[in-house]
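Thanks for making time. I have one structure to go through this morning, so please look at the screen.

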Amino acid sequence: MNGFSSAVGPYTEGSGTSRSAPWNPPIAVRADKTGFRQKPDPGSRVLAVFPRGKALVELSRWKGWVQAGDPADGRIGWLRGTLVEAAK
């Protein structure tokens, strides 16, 4: 288990498709000063700003955004899909 609540599911607000990550793959932030947001919206509140290489766990995807969990403290937030990559 990854320590994240099983109640966390794909984002459902509004329309669009989502895809749950079936095994919660590890991902890494691709760029410095990447905003970790409360919702998948560029105007949403920034929960944290991560450096390049920050390790996260993918939870789901929605309209070009990735919902991720921070294994360091359990926070859950959203990042643009172009700003993350598979962990090496």
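I will talk about one strand, its partners and its burial.

This is a predicted model. The strand I picked is β6, residues 65-69. On one side it pairs off with β5, residues 55-62, in the antiparallel sense, over 5 bridges. To place the register: Arg61 is opposite Val66 in β6, and Val57 is opposite Gly69 in β6. The hairpin of β5 and β6 has 2 residues between the strands, and Lys63 there takes a positive phi near 45 degrees.

The other partner to mention is β7, residues 76-80, which is antiparallel to β6 and joined to it by 5 bridges. Here Trp65 is opposite Arg80 in β7. β6 and β7 also form a hairpin, with 6 residues between them. Gly74, in that turn, has a positive phi of about 85 degrees.

Now burial. In a regular strand, side chains alternate between the two faces of the sheet. So which residues of β6 are buried on each side? Trp65, Gln67 and Gly69 are buried on one side, and Val66 and Ala68 on the other, so to speak of faces, both are covered. With 5 of its 5 residues buried, β6 is largely enclosed by the rest of the structure.

What about β5? There, 6 of the 8 residues are buried, so β5 is largely enclosed by the rest of the structure too. Besides β6, β5 has an antiparallel connection to β2, residues 26-29, through 3 bridges. In that pairing Ala28 is opposite Ala55 in β5.

That is the end of my part.

Definitions and conventions
Residues numbered from 1 in each chain as written. Predicted model: local features only at pLDDT ≥ 70, side-chain atom pairs only at ≥ 80, totals over all residues. Heavy atoms only, no water. Buried < 20%, exposed > 50% of the residue type's maximum accessible area, 1.4 Å probe, protein only. Helix = DSSP H or I, 4+ residues; strand = E, 2+ residues; numbered from the N terminus. Pairing = 2+ DSSP bridges.
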